[in-house]
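Please work through the exercises below with the sequence and the structure side by side, trying each task before reading its solution.

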Amino acid sequence: AFRWKRMLDTGEFVTFAEIARHEGLNPSYVHRIVLLTLLAPEVVEAILEGRQGELFSLSGALSGFPIEWKRQSFRFGV
C-alpha cells in the first residue's frame, strides 16, 4: 500500500489504473489497498509486529474503516 502511494505521490504513476496495469491487478483492488495507508500509525505498527487485535482482518479493513484514528484502534482492537 505504501509503495503504491509513494508511486502516486512522486508522479511515477498518475492513476490507480496505471498501477494496476503495471502490476497486473484490478484497479479497484489497488484503490482499496492504497486506502490502507490511512490506517492509524499505531494500527499499522500493531499489524507489522503481529499484535493486531482479534477483531482485525484484511477483508474487514478492505470493506471500510473509520477515518478517525481512535475509532480505528477501537474497531480493530489495538
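**Exercise 1: Leu38 and the surface**

In this predicted model, Leu38 has a relative accessibility of 38% and therefore counts as partly exposed. Task: find where Leu38 sits along the chain, and which residues make a nonpolar surface patch with Leu38.

Solution. Begin with the position, where Leu38 is found in the loop between α3 and α4. Then turn to the surface, where Leu38 joins Leu35 and Ile67 in a nonpolar patch of about 250 Å².

**Exercise 2: Gln72 in its helix**

Task: decide whether Gln72 is buried or exposed, and list what Gln72 touches beyond four places away in sequence.

Solution. First locate Gln72 in helix α6, which covers residues 69-76. Next, compare its accessibility with the cut-off: buried means under 20%, and Gln72, at 0% relative accessibility, therefore counts as buried. Finally, leaving out residues up to four places away in sequence, the contacts of Gln72 are Leu38, Leu39, Ala40, Val43, Phe65, Pro66 and Ile67.

**Exercise 3: The nonpolar core**

Task: describe the largest nonpolar core, and trace the contacts of Phe76.

Solution. The largest nonpolar core contains 18 residues, and Trp4, Val30, Leu36, Leu39 and Phe76 have the most contacts inside it. Two or more of the core residues come from each of α1 (2-10), α2 (16-23), α3 (27-34), α4 (41-48) and α5 (58-62), with α3 giving the most, at 3 residues. As a last step, follow Phe76, which, not counting residues up to four places away in sequence, touches Leu39, Val43, Gly53, Leu55, Phe56, Ala61 and Phe65.

Definitions and conventions: Residues are numbered from 1 along each chain as its sequence is written. This is a predicted model: local features need pLDDT of at least 70, side-chain atom pairs count only at pLDDT 80 or more; totals for chains, interfaces and linings use all residues. Side-chain values use heavy atoms; hydrogens and water are left out. A nonpolar core is a set of buried Ala, Val, Leu, Ile, Met, Phe, Trp, Tyr and Cys residues joined through side-chain atoms within 4.5 Å. Buried means under 20% relative accessible area, exposed over 50%, partly exposed in between (1.4 Å probe, protein chains only). Helices (H or I, at least four residues) and strands (E, at least two) are DSSP runs, numbered from the N terminus. Contact means heavy atoms within 4.5 Å. Patches are made of residues with over 30% relative accessible area and no salt bridge: like charges are joined within 9 Å, nonpolar side chains (Val, Leu, Ile, Met, Phe, Trp, Tyr) within 5 Å. Accessible areas come from the Shrake-Rupley method with a 1.4 Å probe; for residues, only the protein chains shown count as cover. A salt bridge is a side-chain nitrogen of Lys or Arg within 4 Å of a carboxyl oxygen of Asp or Glu.
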